[in-house]
Amino acid sequence: MKKYFPLIALALLSILPLIGLSTYMMHIVILVVMWSIIGMAWNLLGGYCGQVSFGHAAYFGVGAYTAGILYSKLGASPWWGVLLSIVVVTIFSFILGYVVLRLRGPFFALATLASGEVMRVTAENWVGFTGGTLGIMVHERTWVEKIWYYYIILLIAAVTYFLVKKLVESKLGYYFVAIREDQDAAESLGINTTLYKTIALCISGVLTGIAGAFYMNYMGYIDPHVVFALHDISIITIMIVMVGGVATYWGPFVGAVIMVFLAEWVRSIPGLGAAHQTLFGVLLIVIIIFLPNGIVGDYKKLKRLVGLGRTS
Amino acid sequence: MSLLEAKNVSMFFGGLAAISDVSFEVKEGEILGLIGPNGAGKTTMFNVVNGFYKPTKGEVFFKDKKISGLKPHQICKMGIARTFQVVKPLQRMSVLDNVIASAFLRVKGRAQAEEIALETIKFTGLYDDREVISKGLPLGKRKKLEIARALATQPEMLLLDESFAGLNPHELDESIEIIKKIRARGITIMIIEHHMKVIMSISDRIVVLNYGEKIAEGTPQEIANNPFVVEAYLGEEKSA
């Protein structure tokens, strides 16, 4: 039964639009699925391989801008950008990885944080190429209905899920976790840590970049503050995985559901405005203290905590 | 025939010579003990052989190929595996998964890796603990896990860094048996140990380091009677 759970979930998600969701709800569901892809991508690098990136907006943005610039400069459909972003982000991740993966622990985290910001500032100032802060607007939308976007992102999510699962259960997965647990031990066991960290970073980057390219197509507009955002992309990515469950298959999905709905709910309360970020901060602290492995990772503990809450 | 050869190896950290001009060789199939007081440079020597440090001077050869300057993972692939004095288990992985991770060095498939890993943990007496998360293992078993993990890379030579420290007498006997069984498989062993009874009973030859210099080399019998070694360990005899 448990073995078929992913397929059942996929089947349920495929028929979800048939129950007649409002356009707004479809939008939210699309965002949830997109965020779960980014979460799964981050989880591969941060959760399994232990390289905590604070700069996943860099990959998301490069993916989005690949599609955007393909459209604005060459007039090609930004959908080609989804494919092209695989190549572009691989090269980008490889170069970036060469620099940041020399660093360990907090230094790696800081370097990734900086890389995201560097990309944002670059995109803002390289006006001739990126359009600067005006961003890129796609003038003709492919579909008016959201359902097609939903099926495309769901397909990408399904492929991502099975890819990550396959990787984690293979030699690569063992190597990633070994590197996370002890880099020196891993190296002395014959694991080329530099190589495998680069592989993890490239796969994670590309999956995030694909989500970025999809975002360009779906939203029809990008600018540096949106796609290279530190708090709205990089930090939210980490939160999704932390809340859902680090190094679990379902964590990113659970985290994406909670974070997207929470953000929308808080945003709908008048007078609260951008206070959702304050709330996220508090939530993160609570999660780290009480459920350090996230909702999926600490599911049993969560049940116990809730159970206690009921009796008292 | 010598399997491993260190030629005039020196290792400096800033102005400090952790090892100065040490040469020795390890013959195929033997157990070579490496002893010396604390801070003599024994673990540094392992780190040089294993590739964590590139020697400041001198060279190390394994099967007549120069290995000094290579990365640890390359040296491991060539057939030298090591254990750590301060154990480094992959904490949040089960014992079996720890060993599977290192078994992947020689095989691609998960099933083959698991087969090697299971065989190795049976060999080292960890089979009953295979599902235990290694964080929760007692020290004696962690030391065994270090050995199991190194063995799963199917080495020709094993570097054991104080695999007996902190063991109780029963565990000590078990570990000595394991070392003997490893040697019986044709794996050459170089071992750092403070436990004199152990080192004297299992080593074929012993190299003694003191303040980074080699002060003696020979059979356990020769070492026990060597005045320099006695002096290094017990201090100089002073006439009152």
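Select α5 of chain B to begin: this helix is mostly covered, with 11 of its 14 residues buried. Keep in mind as you click around that this is a predicted model.

**Stop 1: helix α5(B)**

Show the side chains of the buried set, which runs from B:Lys141 through B:Lys143, B:Lys144, B:Leu145, B:Glu146, B:Ile147, B:Ala148, B:Arg149, B:Ala150 and B:Leu151 to B:Ala152. You'll see that charged names such as B:Lys143 and B:Glu146 are on that buried list alongside B:Leu145 and B:Ile147. For the helix as a whole, put a distance label between the first and last C-alpha: the 14 residues reach 20 Å, close to the 20 Å expected at 1.5 Å a residue. Now step just past the end of α5(B) to B:Gln154, where phi is positive at about 50 degrees.

What do the buried residues of α5(B) pack against? Colour β6 (80-82), α3, α4, β7 and α6 of chain B, and you have the set. Two of these, α3 and β7, lead to the next stops.

**Stop 2: helix α3(B)**

Select residues 95-103 of chain B. Nine of the nine residues of this helix are buried, so α3(B) is largely enclosed by the rest of the structure. The buried residues include B:Val95, B:Leu96, B:Val99 and B:Ile100, and also B:Asp97, B:Asn98 and B:Ser102. Turn on chain A here, since the packing partners of α3(B) are α8 (171-181) of chain A together with α4 (110-123) and α5 (139-152) of chain B.

**Stop 3: where the chains touch**

Staying with that boundary, 21 residues of chain B are in contact with 17 residues of chain A. On the chain B side, α2 (72-78) and α3 each supply at least two of the touching residues. Colour that side by residue type and it divides into eight nonpolar, five polar and eight charged.

**Stop 4: strand β8(B) and its neighbours**

Go back to chain B and pick residues 188-192. Five of the five residues of β8(B) are buried, so the strand is largely enclosed by the rest of the structure. In a regular strand the side chains alternate between the two faces of the sheet. Here both faces are covered: B:Thr188, B:Met190 and B:Ile192 are on one side, with B:Ile189 and B:Ile191 on the other.

Next, add the partners. β3 (residues 31-35) of chain B pairs with β8(B) in the parallel sense over four bridges, and B:Gly33 has B:Ile191 as its bridge partner. β7 (residues 157-161) of chain B also runs parallel to β8(B), joined by five bridges; look for B:Leu159 with B:Met190. Add helix α6 (residues 169-184) and you can trace a right-handed β-α-β unit from β7(B) over α6 to β8(B).

**Stop 5: an antiparallel sheet**

Still in chain B, select the open sheet of four strands, ordered β2-β1-β4-β5 with antiparallel pairing. Its edge strands are β2 (16-27) and β5 (65-66), each pairing on one side only. Zoom in on β1 (residues 2-13) and β2(B), which share eight bridges in the antiparallel sense. B:Leu4 stands opposite B:Val26 there.

**Stop 6: chain A from a distance**

Finish by zooming out to chain A, with its 16 helices and two strands. Its C-alpha trace spans about 55 × 50 × 40 Å along the principal axes. A compact globule of 312 residues would have a radius of gyration near 20 Å, and the 19 Å of chain A agrees. Of those 312 residues, 47% count as buried. Among contacts in chain A between residues at least 6 apart in sequence, 76% join residues at least 24 apart.

Technical notes:
Residues are numbered from 1 along each chain as its sequence is written. Chains are lettered from A and ligands numbered from 1 in the order in which they are written. This is a predicted model: local features need pLDDT of at least 70, side-chain atom pairs count only at pLDDT 80 or more; totals for chains, interfaces and linings use all residues. Two strands pair if DSSP finds at least two bridges between them. A residue is buried if 20 or more other C-beta atoms lie within 10 Å of its own, exposed if 12 or fewer, and partly exposed in between; C-beta atoms are placed from the backbone. A crossover is right-handed if, with the strands pointing away from the viewer, the path from the first strand over the helix to the second runs clockwise. Two residues are in contact if their C-beta atoms, placed from the backbone, lie within 7 Å. The expected span of a helix is 1.5 Å times one less than its number of residues. Ala, Val, Leu, Ile, Met, Phe, Trp, Tyr, Cys and Pro count as nonpolar, Asp, Glu, Lys and Arg as charged, and the others, Gly among them, as polar. The radius of gyration is taken over C-alpha atoms; the globule rule is 2.2 Å times the number of residues to the power 0.38.
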